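Take a look at the structure below before you read on. The notes after it walk you through salt bridges, the nonpolar cores, and the spaces in and around the protein.

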Amino acid sequence: MIEQAEVYLRNAAAMWTALIPDASPGKGLLRVDLPASTRVLLREPPDAEALAAISRLSPAKSVLVEDVFADPGSPALTPASATLRMPVMNRPAGAFAGPPPAVRVIEVHDPDTLAEAERVMVDGFPFPRYQPWVRAQALPPRVLTLPGWRVWLAYADAAPAAAAYTYNDGHASGVYWLATLAEHRSPGLARAVLTAAIAGRPDQEFTLVATEAGRPLYESLGFATVATATWHTRPPLVSPQTGHAG
């Protein structure tokens with residue numbers, strides 16, 4: 001089923017390259033340098049050259065390596081790293097057959113509303129590396145002008161409550177950062193966001209990496225597991241300020 005995971009790998013590589021134009025393709029991988037972290041997306045099983053490149057990543061930054069090729073029990077790819085295994089899920093093209101959720105969902109088109117959606121994603125997931133939330137740190141306003149990029153926001157009454165963004169690479173649409181604020185969970189807000197996103201491109205296949213908590217929602221909307229992603233996460237090994245081991 002690894003071949004089907006290529007839908008996600010191609011989309012994620014295109015999405016990160018659009019967001020971070022300086023993203024560096026290497027042999028079998030894409031490296032994305034962010035202010036406080038480095039992300040590596042493996043495009044093929046890592047060989048000695050790829051492993052050496054990963055081992056040379058800055059010890060002053062946290063590291064995340066996305067690997068859909070690892071078997072359960074495979075050793076960590078970075079020293080002092082933790083691993084998390086999550087399903088890669090695809091949904092074939094086709095509209096969702098069912099009544100639309102009774103929730104207000106909008107597509108974001110302006111910087112102020114983008115900031116509201118960004119805060120929901122950062123705090124709802126949550127993403128420690130972006131906390132406390134600072135406007136435009138995770139999603140700069142220029143994403144609103146990037147071809148293929150769409151941001152979705154759902155409201156509970158008048159309050160921003162759930163959000164996600166999607167990226168269309170010309171072949172498929174990837175779903176990223178689907179999150180609901182803790183105080184608004186359970187009334188179907190994430191379902192409403194995802195349904196709106198699918199309705200926005202019913203002609204395309206959709207792809208995502210799911211948490212186990214989110215898997216039932218995605219399965220109910222037609223997603224099926226095609227592979228398992230192992231995320232290897234490594235904290236900084238030295239202090240960014242002093243360069244000394246922590």
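Arg 150 counts as partly exposed, because its relative accessibility is 23%. Keep in mind that you're looking at a predicted model. Arg 150 has a salt-bridge partner, Glu 107, and their closest N and O atoms are 2.8 Å apart.

**Salt bridges**

- Arg 150 sits in strand β7 (residues 149-156) and Glu 107 in strand β6 (residues 104-107), so this pair ties together parts that are 43 residues apart in sequence.
- Glu 107 is partly exposed too, with a relative accessible area of 26%.
- How many salt bridges does the count come to? The count comes to 11 salt bridges.
- One of them joins Asp 169 to Arg 10, with 3.9 Å between the closest N and O atoms.
- Asp 169 lies in the loop between β8 (159-168) and β9, while Arg 10 is in helix α1, so here the pair ties together parts that are 159 residues apart in sequence.
- Is Asp 169 buried or exposed? Asp 169 is buried, because its relative accessible area is 16% and the cut-off for buried is under 20%.
- Its partner Arg 10 is partly exposed, at a relative accessible area of 31%.
- Asp 33 and Arg 31 also meet through their side chains in a salt bridge, at 3.0 Å from N to O.
- Both ends of that bridge are partly exposed: Asp 33 has a relative accessible area of 33%, and Arg 31 has a relative accessibility of 32%.
- Some charged residues team up in a group: Glu 212, Arg 215 and Glu 219 are linked in a network of salt bridges.
- As background, side chains of opposite charge can pair when their charged atoms come close.

**Nonpolar cores**

- Now for the inside: in soluble globular proteins, nonpolar side chains tend to be buried together.
- The largest nonpolar core here has 56 residues, and Trp 149, Tyr 165 and Trp 177 have the most contacts inside it.
- Helix α1 (residues 2-19) gives this core its largest share, nine residues.
- What does Trp 149 touch, leaving aside its neighbours within four places in sequence? Trp 149 is in contact with Met 15, Leu 19, Leu 139, Val 143, Tyr 165, Thr 166 and Tyr 167.
- There's also a second, separate core of 22 residues, and its members include Ala 190, Ile 198, Leu 221 and Phe 223.

**The largest pocket**

- The largest pocket holds about 1,100 Å³ of space.
- Its lining is made up of 47 residues, and the ones that lie nearest the centre are Phe 125, Phe 127, Trp 177, Leu 178 and Thr 211.
- Trp 177 is a name to remember, as it is also among the residues with the most contacts inside the largest nonpolar core.
- Which strand gives the largest share of the lining? That's strand β9 (residues 172-180), with six residues.
- Sorted by class, the pocket lining has 30 nonpolar, 11 polar and six charged residues.

**The cavity**

- The count comes to one cavity of 30 Å³ or more.
- The largest cavity has a volume of about 40 Å³.
- Its lining residues are Pro 111, Leu 114, Ala 115, Glu 118, Arg 135, Ala 136, Leu 139 and Pro 141.
- Leu 139 comes up in the core section as well, where it is in contact with Trp 149.
- By class, the cavity lining has six nonpolar and two charged residues, with no polar ones.

How values were computed: Residues are numbered from 1 along each chain as its sequence is written. This is a predicted model: local features need pLDDT of at least 70, side-chain atom pairs count only at pLDDT 80 or more; totals for chains, interfaces and linings use all residues. Side-chain values use heavy atoms; hydrogens and water are left out. On a 1 Å grid over the protein atoms alone, a cavity is a set of points where a 1.4 Å probe fits but cannot get out, and a pocket is an open set with protein on both sides within 12 Å along at least five of seven lines; lining residues have an atom within 4 Å of a point. Grid points are joined across faces, edges and corners, and a volume is the space filled by probe spheres set on the points. Helices (H or I, at least four residues) and strands (E, at least two) are DSSP runs, numbered from the N terminus. Ala, Val, Leu, Ile, Met, Phe, Trp, Tyr, Cys and Pro count as nonpolar, Asp, Glu, Lys and Arg as charged, and the others, Gly among them, as polar. A nonpolar core is a set of buried Ala, Val, Leu, Ile, Met, Phe, Trp, Tyr and Cys residues joined through side-chain atoms within 4.5 Å. Buried means under 20% relative accessible area, exposed over 50%, partly exposed in between (1.4 Å probe, protein chains only). Contact means heavy atoms within 4.5 Å. A salt bridge is a side-chain nitrogen of Lys or Arg within 4 Å of a carboxyl oxygen of Asp or Glu.
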